[in-house]
Amino acid sequence: MSMPRSRLPLPLLLLPLALAACDGGGGRMAAALSDDAGGDPAPMPAAPVPTPDPPLPPLLTDQVIVAHRGASGHAPEHTIPAYDLAIQMGAEYIEQDVLPTADGVLVCIHDDTLDRTARGPAENCTGNVSDKTLAQLKTCDFGSWFNEANPERARPEYEGLQIPTLEEVFQRYGQSAKYYIEIKPNTSTDGSVEQTLLDLIAEYDLYEGMLAERQVLIQSFIPSSLLNVFTLEPEAPLVQLYAAGATFTAPLAASYSFGIGPNTTEVELNPLMVEEAHALGLAIHPYTINSEEDLAAMAARCVDGLFTNFPDRYRQVLVDNDFGCPAPIR
Ligand code: G3P
Ligand code: CA
């Protein structure tokens, strides 16, 4: 099935208890939606999507490898090279954090502000993402910061990389990839971002795969964002994120979620968290684990998968070790 773009708008659930339980946040309204990007940004380059070559060895422990912001330990986060590399390294999901631009386009970027990862004209490339049009953002360079911060991994071709829209990501990978999309805190609470996201998933023929095979997972720290999606599509697979120190509300999350995404420190502090999640039928995907030692230790806890900036390292841990875990929930 595919959701028609006209399927709008439904009343949105409010669940104050859930709102209080997790990371708080919420508040800023997204700008009015518009099809006009206010400019003529250059299209993303069309190039063959790389696949692992040679084929990667099988996993001894089957867990879900989530490339956090792409293979962001190796390439600038939320750029096409970071997503390409993640797929090449055998990540099962590529993660997108999405924010709406001033003209209502969902772009892939983690921070609310441009200051850490964008370089370029100050009027376009500093300040809040949501205050800029897509055309403005397309004038910014999202790769040079990585070269400056990571000289040992710097590559000339990272200079000048553009911010991808979520649509451009779907155009590039289509049904060949699996997407783990985060609705960020501080986006609209009126459901417009959630509706735009579901519309885009439908437009790119990912809707059936999302429902039947979890080709798309939708995550958020903000329960109301997930409940907005739940209201629009009760079958959508959702992942409730928990910040460090947040109250763990697995039974509540189980009423609307496929899984949970706790901060790794919470899993370390609560050895029963994995069992508790599994007892409720919830997948558990901690974030963000990067060293080989930490990856192996977390994998040995029999989580269902995890977020890492280094999908190659995590994959190698899973290739080298049979941790005797049950089949992951996926
Ligand atoms: O979505 C899991 C993890 O990415 C949450 O942390 O801040 O990197 O989005 P953050
Ligand atoms: Ca994220």
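## Ligand shell

Ala, Val, Leu, Ile, Met, Phe, Trp, Tyr, Cys and Pro count here as nonpolar, Asp, Glu, Lys and Arg as charged, and the others, Gly among them, as polar. On that basis the shell around ligand 1 comprises three nonpolar, five polar and two charged residues. These are His-68, Asp-97, His-110, Glu-182, Gln-219, Leu-241, Gly-261, Tyr-287, Thr-288 and Phe-307, a residue being near a molecule if its C-beta atom, placed from the backbone, lies within 6 Å of it.

The peptide bond that leads from Tyr-287 to Thr-288 is cis, with omega near -25 degrees, and Thr-288 belongs to the loop between strand E8 (283–284) and helix H13 (292–300).

## Basis of the model

This is a predicted model, in which local features need pLDDT of at least 70 and side-chain atom pairs count only at pLDDT 80 or more, whereas totals for chains, interfaces and linings use all residues. Residues are numbered from 1 along each chain as its sequence is written, while chains are lettered from A and ligands numbered from 1 in the order in which they are written.

## Nonpolar core

The largest nonpolar core (buried Ala, Val, Leu, Ile, Met, Phe, Trp, Tyr and Cys residues joined through C-beta atoms within 7 Å) has 87 residues, and Val-66, Ala-86, Ala-91, Tyr-93, Ile-94 and Val-107 are those with the most contacts inside it. Its largest share, six residues, is contributed by helix H2 (residues 80–88), helices being DSSP runs of H or I with at least four residues and strands runs of E with at least two, numbered from the N terminus.

Definitions and conventions. Buried ≥ 20, exposed ≤ 12 C-beta atoms within 10 Å, placed from the backbone.
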